[in-house]
Each structure stands twice: as C-alpha cells, then as structure tokens.
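User: Please take a close look at a single pocket here. Tell me what builds it, then how the rest of the fold surrounds the topic.

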Amino acid sequence: MAFFRPRVSREAEVRYHADIEISKTFPELLGKAREAERTVRDLRAAQADDLELMAAGQAFDKALTEALRGAEAGQRATFGVKAYDDRIARRKAKATPAGAEWSAEVERLRTLREENRLWGIPRLPRPVPSSY
C-alpha cells in the first residue's frame, strides 16, 4: 500500500532557486568582506581617529552582513528543496559533509560580525546642541 507523499510546495521551489542564485555571489561578497576587514586593520595599525574607525567598522559590518546572507542562502540551497518545508530533512542535510561545511561557515561569519559589532566599531558620544 502506497501512502500519499506531498511534493514540495511551490514556494519552497521558488525560494530554493532564488537561494541558488544568491549563493553564486558568495565568493565575491566574501572578498568584499575581507577587503573591508583589511581596511579596518590598516586603520587600527595606523592609529586613525575614532571617526574613521567607526566608518570603516560600519562598512565592514555591512560587508559581513551581505556575505552572511550569501552563506545562509548557500547553506539552504545545499540542504535541498525538501529542507525548506521539513525540519527533519533540514537536520539530516546539516549532517552531510557539505551541509556541515556551510553551517560552519555561517557560524564563523555570524561570530565575526557579532565580534565586530561589540568591539570593532568605536562608540562616539552624540554632539550636544549648544543653542538653548
């Protein structure tokens, strides 16, 4: 006796194909993030002022966020189209070598972004208006 197994939803197929397209840009996005990190490190080594460091840190955060989005799309695409609708399929796919590699990359980028947000962007006091 065969049981009816529903196909994957149309929405899952559309998201899968969109993630494949986004993940193709991941190496380029990661290169931009590395360049932004290099800029931040160079400014720190040159002992630049806090305003320049803040701008460079924010640019690095933006580049990391874009690279993270690309990595997450690559991770979802690697998991397969079934994983969009089924958490068990997602969990099984995470245990494969390719899934574990993408998961590690996503975690590495998240950690790097959070570290930059906590310690890499200097906090500057807001200017106080002098007209009263």
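Analyst: A residue is buried when its relative accessible area is under 20%, exposed when it is over 50%, and partly exposed in between (1.4 Å probe, protein chains only). By that scale, buried residues make up 35% of the 132 residues in the protein. This is a predicted model, in which local features need pLDDT of at least 70 and side-chain atom pairs count only at pLDDT 80 or more, while totals for chains, interfaces and linings use all residues. Numbering starts from 1 along each chain as its sequence is written, and side-chain values use heavy atoms, without hydrogens or water.

Start with the fold. The protein has five helices and zero strands. Its pattern along the sequence is α-α-α-α-α. Helices here are DSSP runs (H or I, at least four residues), and strands are E runs of at least two, numbered from the N terminus. The radius of gyration is 20 Å, well over the 14 Å from the globule rule for 132 residues, so the protein is more spread out than a compact globule. That radius is taken over C-alpha atoms, and the rule is 2.2 Å times the number of residues to the power 0.38. Along its principal axes, the C-alpha trace spans about 80 × 40 × 20 Å. Contacts (heavy atoms within 4.5 Å) reach far along the chain. Of those with a separation of 6 or more, 76% join residues 24 or more positions apart.

Now the pocket. The second largest one has a volume of about 150 Å³. A pocket is an open set of points on a 1 Å grid over the protein atoms alone, where a 1.4 Å probe fits, with protein on both sides within 12 Å along at least five of seven lines; lining residues have an atom within 4 Å of a point. The volume is the space filled by probe spheres set on the points, which are joined across faces, edges and corners.

Which residues line the second largest pocket? They are Glu 37, Val 40, Arg 41, Arg 44, Phe 60, Leu 112, Glu 115, Asn 116, Trp 119 and Gly 120. Helix H2 (26–45) and helix H5 (97–120) each supply at least two of these residues. H5 gives the most, with five. By type, the lining divides into four nonpolar, two polar and four charged residues. The charged residues are Glu 37, Arg 41, Arg 44 and Glu 115, since Asp, Glu, Lys and Arg count as charged; Val 40, Phe 60, Leu 112 and Trp 119 are nonpolar, as are Ala, Ile, Met, Tyr, Cys and Pro; Asn 116 and Gly 120 are polar, like the others.

Gly 120 deserves a closer look. This lining residue lies in helix H5. At 7% relative accessibility, Gly 120 is buried. Beyond its neighbours up to four places away in sequence, Gly 120 touches Arg 44, Leu 53, Gly 57 and Glu 115. Arg 44 and Glu 115 are also part of the pocket lining. Gly 120 and Asp 61 are 59 residues apart in sequence, yet their C-alpha atoms are 9.1 Å apart.

Past H5, the picture opens up. Arg 126 sits in the segment after H5. It is exposed, at 76% relative accessibility. Its C-alpha is 38 Å from that of Ala 104, 22 residues away along the chain.

Next, helix H3 (residues 50–79), which holds Thr 78. Glu 72 is in H3 as well. Glu 72 is buried, at 19% relative accessibility. Leaving out residues up to four places away, Glu 72 touches Val 106 and Arg 110. Thr 78 is partly exposed, with a relative accessible area of 31%. Outside its neighbours within four places, Thr 78 is in contact with Ala 98, Gly 99 and Trp 102. Ser 103 lies 25 residues from Thr 78 in sequence and 10 Å away in space, C-alpha to C-alpha.

Two loop residues complete the tour. Gln 47 lies between H2 and H3. Although not a glycine, Gln 47 has a positive phi of about 55 degrees. Most residues other than glycine have a negative phi. Gln 47 is exposed, at 69% relative accessibility. Asp 86 is in the loop between H3 and helix H4 (87–94). Asp 86 is partly exposed, with a relative accessible area of 35%. The C-alpha atoms of Asp 86 and Val 8 are separated by 9.2 Å, across 78 residues of chain.
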